[in-house]
Amino acid sequence: MTVAFALSGGGNLGPLQAGTLLALLESGVEPDLLVGSSVGALNAAFLACRPGVSGAQSLVQGWSTLRRKEAVQLNPLWALAGFLGFRDHLLSPTRLRRLVRRWIETTRIEDAKVTLAVTATDALSGECVVLRSGDLVEAVAASAAIPGLLPAVRVDGRWLVDGSLSANRPVRQAQALGADDVYVVTTATAPRIRPPRGAVAMAMNSVSLVTTRMGLAELADAVRHAEDHGGRVRVVPSAQPHAPGPFEYRRGAELAEAAYRCTRDWLESGDSEAAMS
């Protein structure tokens, strides 16, 4: 069977996926295909260029040491220009692109060591766009471009934004590329007991609620497809930590370790052998 890892969006919750990937690979689960949306695209690209346990260990290390200044550039003048309508975004993409270039060793998607696909969303039509060739940095930057915060990226004549808006759990996209056995790697956190603080945090949480609901519907469709075609969809349970702030990056090691232990327990319990919805 063709095995795929489908990685959801989740912003700075990326270390959750890193811990999960390390546990899966250590248990002997090797992907033939990696499909990622938003931060899942970054993690998928990293692992596609550095496959295996050593690659996953490097990914965990990367998230554990990553700090906000390396990923996000908070510039009041840039943000003011966005609020006043002189720009269509509040944050400069410079540091994110620099991070992507540092983390990803391959310049083109088709040259990755493991077959890779990156999802993005057409900013004009809302259509899901699956990128399988071309500039890898541009593809990841497009998939991670949260509307309003980061600028849309022009790829092959289309303006593209956050992949999680159209394929937060890109399982059907993995199946369309030939995957029979799909492991869904999410970034789910514990239910909130109060609304997040701050305008950006509130907006991002609202988007997350919508994309999560859409992702569940997509997942149900993918499970039906797998049942009809003799495949399996396995949702790796999340450690569900309390969500960090939208620009908080100091909990990377903690999040990765929690996800690693949660996935190890799931694998050892035998529940991973059952198809999950």
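**Exercise 1. Decide whether T20 is buried or exposed, and find what surrounds it.**

Start with the accessible area: T20 has 5% relative accessibility, so it counts as buried. The cut-offs are under 20% relative accessible area for buried, over 50% for exposed, and partly exposed in between (1.4 Å probe, protein chains only). This is a predicted model, in which local features need pLDDT of at least 70, side-chain atom pairs count only at pLDDT 80 or more, and totals for chains, interfaces and linings use all residues. Residues are numbered from 1 along each chain as its sequence is written, and side-chain values use heavy atoms, with hydrogens and water left out.

Next, place the residue: T20 sits in helix α1. Helices (H or I, at least four residues) and strands (E, at least two) are DSSP runs, numbered from the N terminus.

Then list the neighbours. Skipping residues up to four places away in sequence, T20 touches V185, V236, A259, Y260 and T263; contact means heavy atoms within 4.5 Å. As for R50, 30 residues from T20 along the chain, the two C-alpha atoms are separated by 16 Å.

**Exercise 2. Check the length of helix α3 and work out what its buried residues pack against.**

First the ruler: α3 (residues 52-65) has 14 residues, and at 1.5 Å a residue it should span 20 Å. The expected span is 1.5 Å times one less than the number of residues. The end C-alpha atoms of α3 are 20 Å apart, which agrees.

Now the burial. In α3, the buried residues are G52, G55, A56, L59, V60, G62, W63 and S64. They pack against α1 (14-26), α2, α6 (94-103) and α11 (252-269).

Zoom in on W63. Beyond its neighbours within four places in sequence, W63 contacts G11, G14, P15, A18, V39, L42, N43, W103, Y249 and G252. Turn to Y249, in the loop between β8 (232-236) and α11: its relative accessible area is 14%, so Y249 is buried. With the four-place rule again, Y249 touches N12, W63, L66, R67, R68, A71 and V72.

**Exercise 3. Describe how α2 and α7 pack.**

Two packed helices are described by the angle between their axes and the distance between the axes. For α2 and α7 (residues 136-143), that's an angle of about 155° and axes 9 Å apart. Axes are lines fitted to C-alpha atoms, for helices over the stretch in contact, and angles run from 0 to 180 degrees between N-to-C directions. The angle makes α2 roughly antiparallel to α7 (under 35 degrees is roughly parallel, over 145 roughly antiparallel, 65 to 115 roughly perpendicular, the rest oblique).

On to the residues: A41, L42, A45 and C49 in α2 meet L136, V140 and S143 in α7. By type, the contact has six nonpolar residues, one polar and no charged.

Finally, check how covered α2 is: eleven of its eleven residues are buried.

**Exercise 4. Which residues touch the most other members of the largest nonpolar core?**

A nonpolar core is a set of buried Ala, Val, Leu, Ile, Met, Phe, Trp, Tyr and Cys residues joined through side-chain atoms within 4.5 Å. Of the 63 residues in the largest one, F5, L24, W63, L116 and L136 touch the most other members. Helix α2 (residues 39-49) supplies the largest share of this core, nine residues. There's also a second, separate core of 16 residues, with V171, A222, V223 and A226 among them.

Conventions. Ala, Val, Leu, Ile, Met, Phe, Trp, Tyr, Cys and Pro count as nonpolar, Asp, Glu, Lys and Arg as charged, and the others, Gly among them, as polar.
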